[in-house]
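Visitor: I am new to this structure, and I would like a close look at a single part of it. Could you walk me through the place where the protein meets the DNA, and then show me what joins the protein chains there?

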Protein chains: 2
Amino acid sequence: MMTTATPRPGGRSARVQQAVHQAVRSLLAENDGDRTALSVPLVADRAGVNSSTIYRRWGDLPRLLAAVASNQMLPEQVEDTGSLRGDMEAWFVPYVEEFSSPLGRQVLRDMLADGAVTRDYFQSMQGHVEEIRRLAGLRGERAPATSEIVDAVVAPVIYRILFNHESAAALEVQGRIERLLGERSKGPAET
Amino acid sequence: MMTTATPRPGGRSARVQQAVHQAVRSLLAENDGDRTALSVPLVADRAGVNSSTIYRRWGDLPRLLAAVASNQMLPEQVEDTGSLRGDMEAWFVPYVEEFSSPLGRQVLRDMLADGAVTRDYFQSMQGHVEEIRRLAGLRGERAPATSEIVDAVVAPVIYRILFNHESAAALEVQGRIERLLGERSKGPAET
DNA sequence: CCTCTTAATGCACAGATTGTGCGTTTGGAT
DNA sequence: ATCCAAACGCACAATCTGTGCATTAAGAGG
C-alpha cells in the first residue's frame, strides 16, 4: 500500500516527512513558487522539526523540493472509462491542468532539478501509459505503442509548458489525443 | 546573436561577464556538473571579481547558472546545406549531441531553473526553425509548420533527454526528421 | 586632451544559512 | 520488559548571503 521505502514507515519518521512536505507546500503556495523565499531553517521551523533533520534526510533544499514535487504530482490514477480515448483524457488532462498553472510549472522545475527523481517520475508516467494500453487491449482496442503516445502527446505538452509557458487551453490536449488515435481510420480531425 | 542589453557592452562590464561565465564553466566541468560544489564566493574568486558583483548582476547563483547555460547552448547557426532535411540535421544533431551528455543534461537543468531564460531560449530555437523553413521556401520545398517540427522532433528529443537520460544514439534524431518529412498527407496550415 | 557623469565594481560587515559531532529519544524486535 | 538501531534535537564553527558606502572606469561633450 504505502510506497515508503523507509525502514520504519509507521512511526515518527513518517510524521516528520509529512510535516516537512506540508511545510514546503504551504510556503511555496504563500510565495507563489518563489524558492528564494524558502530556506531550510524556515521549512524546519514551519514543520516543527530541527534543521539538521532536513539536512540528514534530504541533504539539500533543492533535493527536498524535488522530492516534494514528485510526491505532489503523482495523485492521478488510471481509470477505466470504457474507451482508450476516454482513459487517456481522464488521465492526462488533469495533469496538464495542474502543470500548466504558474505554480505547477514551478513545481515541475523543482522536480527537474533532481535527475534521479525526474527519471523515476518518467518511469511512473510510462507505467500509467502502459496500464492504459493494457486496458485497451482487454477491450480489444488497438493502441499505439507507448513510445508513440509519449512522443505525440506527453512530450510536446510538457515541453511547451516548460519552455513556452503555454496554458492548458493552448495546448489542446484532447486534439493531440484525437489526432494520434485517428491516424489509422479517421479522416480530417476537427478541432 | 548575443542579447546585449547592457548599456556598455565593450568595456569592463563585458570582461567581467566573460570571466564569470568562464569561471562557472570551468568549475562545473571540474566537478562534473555538481552544483553543490559551487558557490558565489568560489566563482567570484576564480573569476577574479568580488562576490558583490555577482550578486548585483545576476542576483542569485541559480540565475547565474541559467544565464551561463543559455549562453553556452546557443552556438549553432542555421546553414544552407541544399535541402530541408540536410538543414534540419545539420542544425539539430549537434544540439542533441551536446545536450544528451551527462554534463549537457546538467547544463540544460540549470537553464530550466530560470523560467524567463528558458522562454527566451525557446524563442531562439523557434527562430532557428523558422529560418530553416524560410530557406526551404526559397528553394521551393514544402516544409511542415513550425509547431509541427517542434512537436515531432524537438519536443520528444528534449523531453526524453531530460526525463529519461536517453543517449544521442537512442534518440534517433535522423529517423524522427525523416518520418516527419516523409508524411505527405498533412498540409501546412498552421504558422 | 581634459572634465564630467554615471553605471559598475570593490570593500567591509551584519545577519542568515550550512552542515556536522554528540547526546537523546523513538519505535520495532527479542 | 528490555534491548538496539535509526532518527532526531541541540549546539556551534565555518561559510555564505546580501547591502550600504567609497572608488573606479567607460563613454559623452566641450
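Guide: Happy to, and I will take the DNA strands in turn before coming to the chains.

A few ground rules help. This is a predicted model, in which local features need pLDDT of at least 70 and side-chain atom pairs count only at pLDDT 80 or more, while totals for chains, interfaces and linings use all residues. Residues are numbered from 1 along each chain as its sequence is written, chains are lettered from A and ligands numbered from 1 in the order in which they are written, and side-chain values use heavy atoms, leaving out hydrogens and water.

Let us start with DNA strand C. It is surrounded by 24 residues, the closest being A:Tyr55, A:Arg56, B:Asn50, B:Thr53 and B:Arg57; a residue counts as near if one of its heavy atoms lies within 4 Å of the strand. Of the atoms of DNA strand C that come within 4 Å of the protein, 61% belong to sugar and phosphate. Some polar contacts (pairs of N or O atoms within 3.5 Å; within protein, one must be able to donate a hydrogen and the other to accept it, and residues adjacent in sequence count only if both atoms are side-chain atoms) can be picked out by eye. The side chain of A:Tyr55 places an N or O atom 2.5 Å from a phosphate oxygen of DNA strand C. The bases are reached too: a polar side-chain atom of A:Arg56 is 2.5 Å from a base oxygen of this strand, and an N or O atom in the side chain of B:Arg56 is 3.1 Å from a base oxygen. The largest share of the surface near DNA strand C, 4 residues, is supplied by α3(B); helices here are DSSP runs (H or I, at least four residues), and strands are runs of E of at least two, numbered from the N terminus.

Now turn to DNA strand D. Here, too, 24 residues surround the strand, and A:Asn50, A:Thr53, A:Arg57, B:Tyr55 and B:Arg56 are the closest. Sugar and phosphate make up 62% of the atoms of DNA strand D within 4 Å of the protein. A polar backbone atom of A:Asn50 sits 3.0 Å from a phosphate oxygen of DNA strand D, and a polar side-chain atom of A:Arg57 is 2.8 Å from a phosphate oxygen of that strand. A:Ser52 instead has a side-chain N or O atom 3.1 Å from a base nitrogen. For this strand the largest share of the nearby surface, 4 residues, comes from α3(A).

Finally, the two chains themselves. Chain B and chain A each bring 29 residues to their contact, meaning heavy atoms within 4.5 Å. About 2600 Å² is buried between them, with carbon and sulfur atoms giving 59%; buried area is the accessible area (1.4 Å probe) that two parts lose on being put together, summed over both. On the chain B side, B:Phe122, B:Tyr159 and B:Phe163 lose the most area to chain A, together 27% of what that side buries. There are 4 salt bridges between the chains, each a side-chain nitrogen of Lys or Arg within 4 Å of a carboxyl oxygen of Asp or Glu. One of them joins B:Arg176 to A:Asp151 at 3.0 Å, N to O.

A turn of 180° with a shift of 0.0 Å along the axis lays chain B on chain A with an RMSD of 0.1 Å, superposed by least squares on the C-alpha atoms of residues with pLDDT of at least 70 in both. The two copies are therefore related as by a two-fold rotation axis.
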